[in-house]
Amino acid sequence: MTFFNYTNSTTQLPHPLTGTVSSFGGSSRLPRPQLGQSTSELKVLSGLSSIASIIGIVGNVLVCFVVTKFRFLGRPKAELFIVSLAVADLMVCIFAQPMYVIYLHGLLPEEVDLIRKAITWVSTLVSVSHLFAISLERFFSLYFLHRFSVFIREHVIWNAILLTWLIAIGFGAPSAVFRKARIVSQYFVIAMLLVIPLVYAGTFYIVRLQQRRINKQSVTKTFYTSQKSLTSERKIVYMIAVVVGVFYLCFTPLLIVPFFFSVKTTPAVRVNALRAFPWVNTIAFLNSSLNPYIYYWRSFRFRLALELILRRIFEKK
C-alpha cells in the first residue's frame, strides 16, 4: 500500500503493505532491496513468512471446509463473510508471501512483482471490507436479534460479497501500477479502519441494552429463548472483535512507520525506519495466517467440528 512514495538518488524507499522498492531501471529482475538487513535478518524474515504461509494455507483451507460442512457458528450470514475472508487470506498465503520472500532476496522478476502487489492490494481491500461488513452484520443481528433473518436475506449477503470482490479487484489490481488508484485504495482502507471501532462501540452498547431488556422480562419461554440467542450472538461478536483487534495490531505498525519517511527527521531515524519496514511488512502478512487459530481458540463449535474432521481422517487411515 503506497501511503508515501519518495525516491531520490541515494535511497530507495519501500511502498507500505506491498513492500516494494521503487525501481526505475529497465531490468526484468528487481535488484535486492537496500533496506539495511543483514543476512541473518533476511533468513529470519524469510523463515517467518515461509512458516506463516504454510500454517495459513492449512488453517484457511480448514476454515472453508468446516464452514461448508458444519456451519460452526450457526449463523450463515456471518459464516459467508468468514469463508470469503479465508479465501482472501489464502491468496496472501499461497501467492503474496512466497513472492515476498523471493523479492527480499532480489530474485523476483519485475513483472511477477506487479502480480504480487496486485494480489496484496486485492486481498487487503477484501479483508478490510469484510471486517467492516461482518462488524455491521453483528451490529444489526444484535439490534434486531430474532428479527434479523427477516430483514436481511442470505442472497443480500452473497451480493454484498460479490460486490466487495469486484470493487477490490477493480481498485486493487490498478493500485499495483497507477498512483491515483493506490491513493484511492489507501484512503479507503484508512476510512474503514476509522469506522470499524465506531461500529463496535455501538455493538457493545446494543449488547448492554438488549441484556437490560431481557432482564426486565418475566421468566417465560420467551425469556430463555431471548437469553440464549443473545448469549450466542455475544460470543460471536467477541470472537470477531478479537479478529479485528489482531488485524489492527498487525497493520498499525505498517501505517505508522512510513510517516518517518515524510516528516522531517534525522538521517539516522530514516535509516532505522527503512530497516524496520520489512519487519512491519512481514507482521502485516502474518495476519493472514492467524484468523483460523483465533476461531479455534474462541469457538467451541469450531474446535468440535475440527476434531470431528481429524477423527474421521485418522479412522479412515
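This passage describes the helices of a predicted model, the way some of them pack, and the salt bridges between their side chains.

The protein contains 11 helices and zero strands, and when the chain is read along its sequence the pattern is accordingly α-α-α-α-α-α-α-α-α-α-α. Of its 317 residues, 47% count as buried. Among the contacts in the protein with a separation of 6 or more, 77% are between residues 24 or more positions apart.

Helix 1, which spans residues 39-70, takes part in two of the helix contacts described here, with helix 9 and with helix 10. Helix 9 covers residues 267-286, and its axis lies 10 Å from that of helix 1, at an angle of about 10 degrees. Because angles under 35 degrees count as roughly parallel, helix 1 is roughly parallel to helix 9. On the side of helix 1 the contact is made by E41, V44, L45, L48, S49 and A52, whereas helix 9 contributes R275, P278, W279, T282 and L286. Sorted by class, the residues in this contact are seven nonpolar, two polar and two charged.

The contact of helix 1 with helix 10 has another geometry, in that the two axes come within 8 Å and cross at roughly 55 degrees. Helix 1 and helix 10 are therefore oblique to each other. The residues that make this contact are I55, G59, N60 and V63 of helix 1, together with P292, Y293 and Y295 of helix 10. By class, five of these residues are nonpolar, two are polar and none is charged.

Helix 10 itself comprises residues 291-298, and its buried residues are N291, P292, I294 and Y295. Seen down the axis of the helix, these buried residues fall within an arc of 160 degrees, so they line one face of helix 10. Of the buried residues, P292 and Y295 also belong to the contact with helix 1. W297 is likewise found in helix 10, but with a relative accessible area of 56% this residue is exposed, because the cut-off for that class is over 50%. When its neighbours within four places in sequence are left aside, W297 is in contact with V242 and R303. The C-alpha atom of W297 is also separated by 8.9 Å from that of M239, although the two residues are 58 residues apart along the chain.

Attention now turns to the charged side chains. The count of salt bridges comes to four, and three of them are described here, beginning with the pair formed by D113 and R116, whose side chains meet with an N to O distance of 2.8 Å. Both residues lie in helix 3, which runs over residues 110-144, and they are three residues apart, or about one turn of the helix. In general, an α-helix has 3.6 residues a turn, so residues three or four places apart point the same way. Both partners are also shielded by the burial criterion of under 20% relative accessible area: D113 counts as buried at 2% relative accessibility, and R116 is buried with a relative accessible area of 0%.

The other two salt bridges described here share R138. In one of them, E137 is paired with R138, the closest N and O atoms being 2.8 Å apart. In the other, the side chains of R138 and E233 meet at 2.3 Å, N to O. Since R138 lies in helix 3 and E233 in helix 7 (residues 221-256), this second pair ties together parts that are 95 residues apart in sequence. Taken together, E137, R138 and E233 are linked in a network of salt bridges. With regard to solvent accessibility, E137 and R138 are both buried, the value for R138 being 0%, and E233 also counts as buried, at 5% relative accessibility.

A last position to be considered is G202, which has its place in helix 6, a helix of residues 179-215. At 22% relative accessibility, G202 counts as partly exposed, because buried residues are those under 20% and exposed residues those over 50%. The C-alpha atoms of G202 and Y143 are separated by 9.7 Å, while the two residues are 59 residues apart along the chain.

How values were computed
Residues are numbered from 1 along each chain as its sequence is written. This is a predicted model: local features need pLDDT of at least 70, side-chain atom pairs count only at pLDDT 80 or more; totals for chains, interfaces and linings use all residues. Side-chain values use heavy atoms; hydrogens and water are left out. Axes are lines fitted to C-alpha atoms, for helices over the stretch in contact, and angles run from 0 to 180 degrees between N-to-C directions. Helices (H or I, at least four residues) and strands (E, at least two) are DSSP runs, numbered from the N terminus. Angles under 35 degrees count as roughly parallel, over 145 as roughly antiparallel, 65 to 115 as roughly perpendicular and the rest as oblique. Contact means heavy atoms within 4.5 Å. Ala, Val, Leu, Ile, Met, Phe, Trp, Tyr, Cys and Pro count as nonpolar, Asp, Glu, Lys and Arg as charged, and the others, Gly among them, as polar. Buried means under 20% relative accessible area, exposed over 50%, partly exposed in between (1.4 Å probe, protein chains only). The arc is that of the directions from the helix axis to the C-beta atoms.
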